[in-house]
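Please open the model in your viewer and keep the selection tool at hand. The stops below are meant to be followed in order, one selection at a time.

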Amino acid sequence: MTDEAAMQLVASGDLDKAAILYERYKRPLYNFYLRFGVERDSSQDLTQQVFYRIIHYRNSFRDGYEFRTWIYRIARNIYHDFLKEHSHNHKDLHENIEVAEEENYDDEQYLLIQKALKKLPQEYQEVLTMSRYDELKYEEIADILNISVSLVKVRVHRGLKQLKEEYLKLN
Amino acid sequence: MEQLFADYLEDKLNAKQRQELETLLSDDEALRDEFEDLKAFYADMNKPAELDPTATLDLGFYMMLEKEKGAEQKKRKKEQKGAMRVSWINSPILKYAAGIVLLLGIFWIGRKTSDKDLNDLSEIAKIKNDVEETKQLVMLSMLKRESASERIQAVNYCYDINKPDDEVLKALIKTLNTDENINVRTSAAEALSHFGDEKIARDALIQTLLTQKEPTLQITVIDILANLGDKRAVKPMQKLLQNTDTEEVVKRKAMESVKVLSL
């Protein structure tokens, strides 16, 4: 059963089908938040919120929607709400994020790249993380961020250039 | 150049674009160096091993799902009751039934006024019984309709029947086991749970557990049997757990219910 078919059934009242979607997406979404530097307990809370929203607002899922894009858009909105709730400034979270990342991952190279990534403007962080780590296509990222595909490509290129500079500074 | 580079990373360049990129790079050494550098850097951005969420997340999700299902069921029952009221008035069979009830009522009032020695209570009971029988007849008749929604309505009439006779219970069991529509079968399972005091209803629910293939219905029946507390349901639930065709979500529910029933 495709994600879209399962979600259509959920929208029509067959809520048990939400379990299929949950089993498919709980791990990617949990890791989506971990990669943004959210600590483990909060990543679980945010993942739970995503599924709460897809069930609660199931009727807003329309024919023709791509489920993966839809759920990641919801996940991103929840992440932004989380940032707003915990700090008015994204950068204020940096210290906590670094501690959380060191707890979550032991790959030094990855941690260094993450550190460099956090120094970039958020629009670059998002496209690079979604493209490289979440393996989302440019079209999907464009849909999630509600921007053009061309702009995604520009951000990937510029973001990567800037990331490399920051990485070299840290090294 | 930026677009071409991004497409190159996703391996999405067609032959013409690849040629265009190669020309650009061959004409500009600095650009070529930058391109090679970024390409190597991007390749070094390894995706870390993914971590698994803990069981707390599963617990939270399935509890939330059960709560939402409860709210959805309440909403549906309310809607069906509303629809039932309308169709009760509009259905020819029910108009006929209402006529019978009215006649019986007039007959009863007539008898009451003409014969003071009548036992009022037994007359009321008789009328109630007549109404009950009429409802059962209507339900049995509607279960044969082609439209699934009418068959669901028929199943829902059961909630108005206090003491169903064997014929009604057998019709519900037949519907549970043979109706082609999953929603009708699910409604029949729920209606049988309403008569959970009757052994024939519990037996049917236990037996159907191994024949139903639709996970949502399997979960509904598992829930019902766990709520009824009939320990005989443990065996078929264990069989479901051993069956490789059983979906994970059903196994999880069966596992929970086996635990509950084994307490």
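Begin by selecting H7(A) and H9(A), which in this predicted model pack at an angle of about 100 degrees, with their axes 8 Å apart. Angles from 65 to 115 degrees count as roughly perpendicular, and H7(A) and H9(A) are therefore roughly perpendicular to each other. To see where they meet, show the side chains of Glu123(A), Tyr124(A), Val127(A), Leu128(A) and Ser131(A) on H7(A); on H9(A), the residues of this contact include Val152(A), Arg155(A), Val156(A), Gly159(A) and Leu163(A). Coloured by class, the contact of H7(A) with H9(A) shows seven nonpolar, three polar and three charged residues.

Keep H9(A) selected and replace H7(A) with H6(A): this pair packs at an angle of about 120 degrees, again with axes 8 Å apart. H6(A) and H9(A) are therefore oblique to each other, and their crossing is right-handed. From H6(A), the contact draws on Leu112(A), Ile113(A), Lys115(A), Ala116(A) and Leu117(A), while H9(A) supplies Leu163(A), Glu166(A), Tyr167(A) and Leu170(A). By class, seven of the residues in this contact are nonpolar, none is polar and two are charged.

Next, bring both chains into view, and look at where 36 residues of chain A are in contact with 35 residues of chain B. On the side of chain A that touches chain B, the elements giving two or more residues are H2 (18-35), H3 (40-56), H6 (108-117), H7 (122-133) and H9 (149-170) of chain A. Which helix gives the most to this side of chain A? Select H2(A), which contributes nine residues. Taken by class, the side of chain A that touches chain B has 17 nonpolar, nine polar and 10 charged residues.

Now move to chain B and select Glu167(B), which is found in helix H8 (residues 166-178) of that chain. Is this residue, Glu167(B), buried or exposed? Glu167(B) is exposed, because 12 other C-beta atoms lie within 10 Å, and a residue counts as exposed at 12 or fewer. Add Gln136(B) to the selection: Glu167(B) and Gln136(B) are 31 residues apart in sequence, and 8.9 Å apart in space from C-alpha to C-alpha.

Finally, colour chain A by pLDDT, for which the chain mean is 86, with 88% of its residues reaching 70 or more. Among the elements of chain A, helix H5 (residues 94-104) has the lowest mean pLDDT, 59, and H3(A) the highest, 93. Where pLDDT is low, the predicted coordinates should not be read in detail.

Notes:
Residues numbered from 1 in each chain as written. Chains lettered and ligands numbered in written order. Predicted model: local features only at pLDDT ≥ 70, side-chain atom pairs only at ≥ 80, totals over all residues. Contact = placed C-beta atoms within 7 Å. Helix = DSSP H or I, 4+ residues; strand = E, 2+ residues; numbered from the N terminus. Nonpolar A, V, L, I, M, F, W, Y, C, P; charged D, E, K, R; others polar. Axes fitted to C-alpha atoms, helices over the stretch in contact; angles between N-to-C directions. Parallel < 35°, antiparallel > 145°, perpendicular 65-115°, else oblique. Left-handed = near helix turned anticlockwise from the far one by under 90°. pLDDT = per-residue confidence, 0-100. Buried ≥ 20, exposed ≤ 12 C-beta atoms within 10 Å, placed from the backbone.
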